[in-house]
Amino acid sequence: MSDATHGSNGQSGASQTVCLVLVEADGDAVCEATRQALTVARELAGTVEAVVLAADEELARRLAPALAAEGVARVHAVTDPLLAEYGPEAFGAALAQLIRSVEPTGVVAPGTARGNEIMAHAAAVTELSLATGCVAIAVDGDAWSVTRQRWGGVLWEDATLAASVKLATLAPHAVAVQPTPGLEHATVSTFACDLDPTLARTQVAQRTPLGAGVTLSTAPVVVSGGRGVGSAEGFAVLEELAERLGGAVGCSRVATNNGWRPHADQVGQTGTRIAPNLYIACGISGATQHWVGCKDAQRILAINTDPEASLVQRADYAVIGDVQTVLRAVVDELDRARQPADAGAGG
Amino acid sequence: MCVKRAPAPGAKIPLTADGSAIDTRNLGFTMSPHEECAVEEAVRLVEAHGGSATVMTLGPPEAAEQMRDGIATGADHGVLVETDRTDWDPQATAAALGEAIAQLQQEGARFDLVLFGNESADAAHEQVSVRVAHRLGLPIVNGIKGLETSDGHVALRRDTAAGSERYEVPLPAAVAVKKGLNLPRYPALKGRMRARKATVRTIAALHHPGGLTSHGLRYPPDETTETEILGRGADAAPRVVELLGEEGLT
Ligand SMILES: Cc1cc2nc3c(=O)[nH]c(=O)nc-3n(C[C@H](O)[C@H](O)[C@H](O)COP(=O)(O)OP(=O)(O)OC[C@H]3O[C@@H](n4cnc5c(N)ncnc54)[C@H](O)[C@@H]3O)c2cc1C
């Protein structure tokens, strides 16, 4: 049962502007990128309401307390049997139907692959304008003024987004989550939509979970190599270090183009963008197209023969020297440090 | 396949003095890496199953160069949807591309697959493909790194942080692909000769601007940090291990 039925409720009347935020869930939690979107949305309208797309209202109910804590007064549980499994067309059409029912001032979504895809479909269905990859959004009269990433974040573009309902996605890690007083309770409103069953044609047919082990995008530590590693074999010592640290191996485009590493390992604009706790960049110059993929790391350690290399300049820590020599010494030192301090204290 | 002409910068991207645009005087132009994979995939599909591949681009007359790159790779036809030299917003781009494809269809062309790059290297609006697909009534999935056709369907693979997703979409369909889908070939001399001679069809584009208006480009605030040099060569190892300890990794 829903706490409220949908439709012309007083809260979303003309006096009170509403901004919707598309929620991406991480299990029973609200993902970080969604919290960033909520932070931005709170500055854009009097009321922020959340949107959860699922087969039933179960997920919206589970997320409601976390969303209330982020200042969300109402959670729209947008439901349809087709939403039981992800499909870009069905999710986009469902969001489009809610937009037409609520007529909010705008919708902000996390700029993840999925967030961007759902918003693009909703924009295509409603024929509304969409600004993706925003790093800042502000109200400008009836429009929004946005700053969005171009060239993977190497450049910023200032633009005006004018539409009856403004659609925008926020580049991940672009803004820090701001604390807010929060609310005790968020109302769950069910919006049963009416999706065309043929949209099942783009539903996920099968999922293959990753095998055991860390992945580039989720590893807490990434040991990454570029031209300075010298060869495919040269990556062995990076593998050794990554294994000891529970991390993953990444690389620059030079390493993929030379066939030293698979493209799946590439960090950067046309590879993966990562935000590990520690990024160890070995023999990588730090071209902007690479930098945008690793700049969100909490700390960066650069190992490079050239103290003037851009990545050395931008790193928190650097070692000046040859990749192979430095890493070999680090791995040996690490193994030594992990031995019991003296035989007597071991065991 | 739909591709876009974009500058090919080095590590730094120069801006014009007023900051309104990229200073392209000393830059070459190229299609984006994702789009190179789209072209390569189309050529491979035609090699394996027959048919023909058409490369289409919306842009100024100079964008014919990128179409010829596509033909050099092995595409059969080129269509230039010609604009003025201004940067069109994604709604205007999609509307004109959709109209051009519909026009070719009315003339009897039949497309089983319409391929796009997931996003352009320069603007990265990540929506032109989806808007075109909706105009043409085609199903579309983005972010594809694996593609296999079989009777009337195309099986698609998308990698996610949790693993991979498989889609089985009925043809005709649209797909937005990502680098890593294949390794694009370097056009052979023969292909480049053919591309130079190939006739390129030009369709005039009608400009229906959308609601996103650009005011110019700028560099993000500088992100240089104070760098602590831990040492030189192998002698730095103990200090590095100490740092790993501070990170809770030892
Ligand atoms: C549209 C576009 C998209 C791109 N996307 C990406 C992307 O996603 N990811 C990416 O990485 N690049 C990308 N690039 C390429 C990027 O511009 C650079 O060319 C690339 O990142 C350089 O790789 P690198 O640092 O390994 O090589 P280089 O720039 O050649 O740097 C090598 C570094 O290694 C150091 N070195 C050399 N020998 C040693 C040694 N023995 N020990 C220690 N250090 C040594 C050198 O001092 C130098 O700093 C893209 C480019 C374009 C135009």
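A backbone N or O atom of A:T270 lies 2.8 Å from an oxygen atom of the ligand, and in this predicted model two side chains of chain A make comparable approaches: an N or O atom in the side chain of A:H290 is 2.8 Å from a ligand oxygen atom, while for the side chain of A:N304 the corresponding distance is 2.7 Å. Taken on its own, the ligand has 980 Å² of accessible area, of which the protein covers 81%.

The ligand is placed between chains A and B, and 27 residues surround it, those that come nearest being A:R227, A:S252, A:S285, A:N304 and A:D322. Sorted by class, this shell contains 15 polar, eight nonpolar and four charged residues, and two helices of chain A, α6 (253-257) and α7 (288-294), each contribute at least two residues to the shell.

In chain B, helix α3 spans residues 90-106 and includes B:I101, a residue that counts as buried because its relative accessibility is 4%, below the 20% limit for that class. Apart from neighbours within four places in sequence, B:I101 is in contact with B:C2, B:M56, B:F111, B:V114, B:V132 and B:L136; of these contacts, B:F111 lies 10 residues away along the chain, with 9.0 Å between the two C-alpha atoms.

Elsewhere in chain B, strand β8 (residues 146-150) pairs with strand β9 (residues 153-160) in the antiparallel sense over five bridges, and B:T149 has B:V154 in β9(B) as its bridge partner. The two strands, β8(B) and β9(B), form a hairpin with two residues between them, and B:G152 in the turn has a positive phi of about 80°.

Terms used:
Residues numbered from 1 in each chain as written. Chains lettered and ligands numbered in written order. Predicted model: local features only at pLDDT ≥ 70, side-chain atom pairs only at ≥ 80, totals over all residues. Heavy atoms only, no water. Helix = DSSP H or I, 4+ residues; strand = E, 2+ residues; numbered from the N terminus. Buried < 20%, exposed > 50% of the residue type's maximum accessible area, 1.4 Å probe, protein only. Contact = heavy atoms within 4.5 Å. Pairing = 2+ DSSP bridges. Near = heavy atom within 4 Å. Polar contact = N/O pair within 3.5 Å; in protein donor to acceptor, adjacent residues only side chain to side chain. Areas by Shrake-Rupley, 256 points an atom, 1.4 Å probe, with all protein chains shown as cover. Nonpolar A, V, L, I, M, F, W, Y, C, P; charged D, E, K, R; others polar.
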